[in-house]
Each structure stands twice: as structure tokens, then as C-alpha cells.
Amino acid sequence: MKIEAITGSEAEAFHRMGSQASHRYDEFVDLLVGAGIADGQTVVDLCCGSGELEVILSSRFPSLNLVGVDLSEDMVRIAREYAAEQGKALEFRHGDAQLLAGMEDLAGKADLVVSRNAFHRLTRLPAAFDTMLRLAKPGGAVLNCSFIHPSDFDESGFRAWVTFLNQRPWDSEMQIVWALAHHYAPRLDDYREALAQAARETPVSEQRVWIDDQGYGVPTVKCFARRAAA
Ligand SMILES: C[S@@+](CC[C@H](N)C(=O)[O-])C[C@H]1O[C@@H](n2cnc3c(N)ncnc32)[C@H](O)[C@@H]1O
């Protein structure tokens, strides 16, 4: 059975790993730059975890209106503490990415709705894409990057994943989390279908799903869509 939220000591371990390896966010930040992120925009990060991406983005784009949302109260607490330690005034909310509840005020307002390395944990993938598209303003973009099942890897992708796991630069608890993450991740076609389903509810002008590595060798799926302009 999938467990969606990351809590307790696993949340603490995740934060230790993420805050010590900010380069792992480089590729995702580059994707956001490609998607047009710019100072002054409203950006919502679903399944934000312990706030590493928010701290990185707010250093690079100091006047972003940035809201991070996570299902784990532990993650939200750690993210708030981490942002305060880093001297950043950032907003984090407790909420489920598969529901608009608690984010109604942001509906149709976000220039960019993003999610990194989390949608493979979800049980209702179409609902999560639906939330993303509902939060985006007309013409706004959504971008998810998350894991795929190993059967969707090509051979070089599989080798890259094994090499990555074998590097073990963090503690054993996180090692198991990462190994399992790909095994219970959705298939590429599940992502395609979920995004297409959500896009029928909220029309989009662009839609793309593709696989590549994450800058440090881990194969991931990327899902991009742009809400149709009003
Ligand atoms: C592997 S972490 C990634 C965190 C962050 N996006 C990053 O890249 O550092 C996955 C996060 O998704 C959160 N999560 C899982 N299911 C969720 C849901 N239904 N709604 C919101 N957050 C969720 C977990 O609690 C966890 O913090």
C-alpha cells in the first residue's frame, strides 16, 4: 500500500538530505526558468516537502509570491523552521494536492504550479493534475517532475538508477525510501492519461509528457501543460 505523506524521522532525514544537496534542485529550477518563472509571479508548489525548493527559488527570485503545500504536518513544520533559519518569509500550508480545499483563494491565480518528486506517491493522479490546472491562471503553466516505474526505463536509465542508489550519499532509511519510490511509481502511460483527463476538465493549450534524467542520473517523468488563455 502506498503511503502518501512523509512524516516523523523520514521527514527529518529527507530535510537533512535535501538541505545538504541543493544542486539536486538545479535541473528542476532550469525547467522552471524554461517555463517562464519570473520575479513578481505567483508560484504554488504542491507536495513541497521541507521547503528546499522554496528557499532556493526565493534567493534567485526575491519577489516571487511563493506558496508551498504538503500533506505532512511534519514537513510543513520543518519547512517553516528552515525558511525562518534562512531568513526567508515564505508561506507553507498543510493540504492535499489532490483537493483544492485550503487553496481556494489561489484558484485561477498562479502563473506557475509546480511539483517535484512527489506525484509517484499519490493515489489519485488525475485529481492532482486537476488541482494544478485549477490553480493556474489562464495562460499559466503547470510542471510536474516525478518518478516512473522501472519497467518504463530504458537500459541506460536503469543503469543510471542503480548507480545512483549505489552511491548512498545519505542514511539507510532514505536509501530504502528512494529504492521503493520507483517500484511503486506509476507507469508513463498513467501520467499521460491522468494529465489528459485533467486537461479535458480545464482546457489546455499545450501538453507534454517525457522522460529524462534529473541531472544526477535518476530517470523521471516530466509533465508540462499550459492552461488555455481566457
Ligand atoms: C519526496 S518528497 C519531495 C518534496 C519536495 N517536492 C522536494 O522535491 O524536495 C514528497 C512529498 O510529497 C508529500 N505528499 C505526498 N502526498 C501528498 C499529497 N497528497 N498532498 C500533498 N503533499 C503530499 C510528502 O509528504 C512529501 O513531503
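The following paragraphs describe the fold of one protein chain, some of its helices and several individual residues, as they appear in a predicted model.

The protein chain contains 8 helices and 7 strands. Its C-alpha atoms fill a box of roughly 50 × 40 × 30 Å when the box is taken along the principal axes. For 230 residues, a compact globule would be expected to have a radius of gyration near 17 Å, and the 16 Å computed for the protein chain agrees with that expectation. Of these 230 residues, 43% count as buried. Where contacts join residues at least 6 apart in sequence, 75% of them link residues that are at least 24 apart.

Helix α1, which comprises residues 8–19, has 12 residues that should span 16 Å at 1.5 Å a residue, and the separation of 17 Å between its end C-alpha atoms agrees with this. Within α1, the residues A11, F14, H15 and G18 are buried. These residues cover an arc of only 100° around the axis, and they therefore lie on the same side of α1. Such a pattern can be read against the geometry of the α-helix, which has 3.6 residues a turn, so that residues three or four places apart point the same way. The axis of α1 comes within 9 Å of the axis of helix α4 (residues 73–85), and the two cross at roughly 35°. This crossing of α1 and α4 is right-handed. On the α1 side the contact is made by G8, A11, H15 and S19, while α4 contributes D74, M75, I78 and Y82. A11 and H15 thus appear both among the buried residues of α1 and among the residues through which α1 meets α4.

Beyond α4, the chain continues into a loop that leads to β3 (91–94), and K88 is located in this loop. K88 counts as partly exposed, because 16 C-beta neighbours lie inside 10 Å, whereas 20 or more would be needed for a residue to be buried. Although K88 and V55 are 33 residues apart in sequence, their C-alpha atoms are 7.1 Å apart in space. When residues up to four places away in sequence are left out, K88 touches V55, S58 and A83.

Two residues other than glycine, C47 and N117, have positive phi values. Most residues other than glycine have a negative phi. For C47, phi is near 65°, and the residue is placed in the loop between β1 (42–46) and α3 (52–60). C47 is buried, as 27 other C-beta atoms lie within 10 Å. For N117, phi is near 55°, and this residue belongs to the loop between β4 (110–116) and α5 (125–135). N117 also counts as buried, with 23 C-beta neighbours inside 10 Å.

Helix α5, which follows the loop that holds N117, is mostly covered, since 9 of its 11 residues are buried. The buried residues of α5 are L125, A128, F129, D130, T131, M132, L133, R134 and L135. They pack against the strands β1, β4, β5 (136–147), β6 (204–212) and β7, and also against helix α8 (188–201).

Helix α8 has 14 residues and reaches 21 Å from its first C-alpha to its last, which is close to the 20 Å expected at 1.5 Å a residue. Its buried residues are Y191, A194, L195, A198 and A199. Because they cover an arc of only 130° around the axis, these residues are on the same side of α8. The face turned away from this buried side carries the exposed residues D189 and R200. The packing partners of the buried residues of α8 are α5, β6 and β7.

One residue of strand β7 (residues 220–227) that can be followed in more detail is V221. V221 is buried, with 24 other C-beta atoms within 10 Å. With residues up to four places away in sequence not counted, V221 touches S146, I148, L188, Y191, V209 and I211. Among these partners, Y191 is one of the buried residues of α8. The C-alpha atoms of V221 and F119 are separated by 10.0 Å, although the two residues stand 102 residues apart along the chain.

Technical notes. Residues are numbered from 1 along each chain as its sequence is written. This is a predicted model: local features need pLDDT of at least 70, side-chain atom pairs count only at pLDDT 80 or more; totals for chains, interfaces and linings use all residues. Helices (H or I, at least four residues) and strands (E, at least two) are DSSP runs, numbered from the N terminus. The radius of gyration is taken over C-alpha atoms; the globule rule is 2.2 Å times the number of residues to the power 0.38. A residue is buried if 20 or more other C-beta atoms lie within 10 Å of its own, exposed if 12 or fewer, and partly exposed in between; C-beta atoms are placed from the backbone. Two residues are in contact if their C-beta atoms, placed from the backbone, lie within 7 Å. The expected span of a helix is 1.5 Å times one less than its number of residues. The arc is that of the directions from the helix axis to the C-beta atoms. Axes are lines fitted to C-alpha atoms, for helices over the stretch in contact, and angles run from 0 to 180 degrees between N-to-C directions. A crossing is left-handed if the near helix is turned anticlockwise from the far one by less than a right angle, and right-handed if clockwise.
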